Amino acid sequence: MKNKRNLTASVLAASVIAAVTAYAANTSGTIGVGFGAAASSSVGVPLRATAAQTRKKSLLSAAPAQTGFDRFIVKYKDGSTARLNRNTLMGNITAAGVRAGVVTSSASRGAPAALGFSHMRTLGIGADLVRASRRLTPTESTALLTQLRADPNVVYAQPDYLKQRLDFIPDDTRFDLQWDFTDLSVGIGAPKAWDTSSGTGVVVAVLDTGYVDHADLDGNVVPGYDFIIDTTVAGDGDGRDADAHDPGDWEGGGTSSWHGTHVAGTVAAVTNNAKGVAGVAFGAKMMPVRVLGHGGGYTSDIADAIIWASGGTVAGVASLDPANVADVINMSLGGYGACSDDPVTQAAVDGAIARGTTIVVAAGNDNDDAAFHSPASCRGVITVGASGVDGGRSYFSNYGPTVALSAPGGNATSMSDPDNRWIWSTGNSGTTTPVASPAGDVLMGYIGTSQASPHVAGTVALMQSARVAAGKAALTPAEVKTMLRNTVKPFTVLPPLGKPQGPGILDAAAAVYAATQDIPADTSTLLANRVVLAGQGGTAGEALVYKIVVPAGRTSVNLRTYGGTGDVSLYVARDRIPTASNYDRKSAKSGNAETVVITSPAAGTYYMTVVGETAFANVSVLGLY
């Protein structure tokens, strides 16, 4: 269970990476640094909380499976009558409801209520969002979706899942600003990375709860958008508009999180301004895109936001100026359910990646396999687990082959834990609605994969900026992912067996250096004849390349993958590296048992590209002739 507290104070730290020390009057409050008074030249300043400055604890649960749905997303094939005619579309959905037994002529037949459907809108990916007149139970929802999917003209049908911010626990004791940036063993090495890059010229979109004005963030904010249509979720009195400010996301008697502001500060807090904290990519611009409000955020809104932020077109929303299209998207959000059951999100992600935008997402805080969460298990994203100041896996972090790498996310277990078990960034002192800046400006300490993900998103901005400054073409999302995984620091404490979290911990300095270098044309792994290469793994959408040199006069060459978990496809070509769209032979069955046999092969180098249709682990690769 995660919880949140906050407290304000009125003294500033003068140094960009200053260790501001705070003392609470008791353990009932967490420490924040306010921005209302003149800056102090002291590096360590004792601060004392008052009862009026504390906030009551807000308990926040993990991401549960939803208990029913009243919103569904259906995509019909291009050219189908239902795609072209709204009446046909709604008639088809109602008919599916009748076949599923959820639509009745009256409530007297035993149904909870007569059910109807209404069309809400068409999404940016061409799918239609419809709403049922009452919430369907999980069994009813499954029955309806089964009938819809049976239509050969339906590309996919799914619930409009409600996703949540991935939460944290803030501290209430002293804190040492940004060990996560500076610790030589387990931090990301930000100061060394800054010798090369600050992220200038890069835009990072933060899809979250929006943002509040903050003196340590405002200078790096560019205009974003509020994508929340449902006014109950939005809580700001209107629907979609160009104002991405966070009015608060409290529920019932709880408090607001200011989650998006905290994430944004880690990415791009203003730096070298004698106050607050530094941002990983303080030379970059942060574009707030509001998709989460009271109770979370709908998949349909999040998908449209992914499309828009990456330069795609969404009906009713003005397209971004090309100069402001996001180079990187951070999503510290998610919900239970595999991305394979969330094709709307996958389609939006695919479109963004095709437009060149790198997508970084939090793995989740449920101590669960990330394969069961979306967007953490989506193909092509960079899924980030959390590590602590001990250099090991954070106990709450999701894990599994879907996780590309880890980054600092804290590992506090109680409210009295020391400052270096938390991640500190920008926030607000408001309990429910924000207190206007600068009076409401505070720093807040959180833990979570929500805090790990923006470390990686900011580092991607540093990498892209450094690469362009070196006179090279920007990295593709796939190249970014490979480079990040190849430059990690080792875990100081290895993750437990069965709970892998990628090859190690983010090393921003090493990743930025790698980004300035030429990428070899051939990065494949050489296979020896008849020698098994075991233990291969990757994330969904990741491609691993192998090669074997076949001499003349052989009767056949046999190229295989087998064993392990997940699902891979195998693509083969002679004397060139194959892709999923350019190959000589392929094997693409379900699972990992793929084989390509070539009889009377010409002499040459045969390349094998193994692509993860889902995350995969412990796969063996073999070539024999």
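Contact, throughout this talk, means heavy atoms within 4.5 Å. With that settled, here is the protein. What you see is a predicted model.

Overall picture to begin. The chain has 625 residues, and 59% of them are buried. It is built with 12 helices and 28 strands. Take contacts between residues at least 6 apart in sequence: 76% of those join residues at least 24 apart.

Now helix H12, residues 508-515. Is this helix mostly enclosed or mostly open? Six of its eight residues are buried, so the rest of the structure largely encloses H12. The buried ones are Ala-508, Ala-509, Ala-511, Val-512, Ala-514 and Ala-515. What covers them? The cover includes three helices: H5 at 190-194, H10 at 449-469 and H11 at 477-486. Look also at the start of H12. There, Asp-507 points a side-chain oxygen at the backbone nitrogen of Ala-509, to within 3.3 Å.

Keep H11 in mind, and move to the largest pocket. Its space comes to about 1600 Å³. The lining has 47 residues, and the closest to the pocket centre are Thr-482, Arg-485, Glu-542, Ala-543 and Leu-544. Which element gives the largest share of the lining? That is H11, with eight residues. Among the elements that each supply at least two lining residues are helix H9 (343-354), strand E22 (543-550), and strands E21 and E28. So H11 turns up twice: it is part of the cover over the buried residues of H12, and it lines the largest pocket.

E21 and E28 bring us to a sheet. Strands of a sheet pair through backbone hydrogen bonds, either parallel or antiparallel. In this open sheet of four strands, the order is E21-E28-E23-E26, and the pairing is antiparallel. Strand E21 (533-538) and strand E26 (594-599) are the edges, each pairing on one side only. From one strand to the next, the twist averages 20 degrees. Zoom in on E21 and E28, residues 616-624. Three bridges hold this antiparallel pair. For a landmark, find Leu-533: it stands opposite Val-621 in E28.

Two single residues to finish.

Thr-271 comes up in the loop between helix H7 (259-268) and strand E10 (285-290). Buried or exposed? Its relative accessible area is 14%, and the cut-off for buried is under 20%, so Thr-271 counts as buried. Its side chain has polar partners on the backbone. A polar atom of that side chain lies 3.0 Å from the backbone oxygen of Ala-269. The Thr-271 side chain also reaches the backbone nitrogen of Gly-279, at 3.1 Å.

Follow the chain into strand E10 and you meet Met-287. Met-287 has 0% relative accessibility, so it is buried too. What surrounds it? Set aside neighbours within four places in sequence. Met-287 then contacts Val-203, Val-204, Ala-205 and Val-206, among others. The list also includes Val-222, Pro-223 and Gly-224. Further along the chain, its partners include Trp-308, Ala-309, Leu-320, Asn-324 and Ala-326. One distance to note: the C-alpha atoms of Met-287 and Val-325 are 9.2 Å apart, with their positions 38 residues apart along the chain.

To recap. H12 is largely enclosed, with six of eight residues buried. H11 gives the largest pocket its largest share of lining. E21 is an edge strand of the four-stranded sheet. Thr-271 and Met-287 are both buried. That's my tour.

How values were computed: Residues numbered from 1 in each chain as written. Predicted model: local features only at pLDDT ≥ 70, side-chain atom pairs only at ≥ 80, totals over all residues. Heavy atoms only, no water. Buried < 20%, exposed > 50% of the residue type's maximum accessible area, 1.4 Å probe, protein only. Polar contact = N/O pair within 3.5 Å; in protein donor to acceptor, adjacent residues only side chain to side chain. Pairing = 2+ DSSP bridges. Axes fitted to C-alpha atoms, helices over the stretch in contact; angles between N-to-C directions. 1 Å grid on protein atoms, 1.4 Å probe; cavity = no way out; pocket = protein on both sides within 12 Å on 5 of 7 lines; lining within 4 Å. Points joined across faces, edges and corners; volume = space filled by probe spheres on them.
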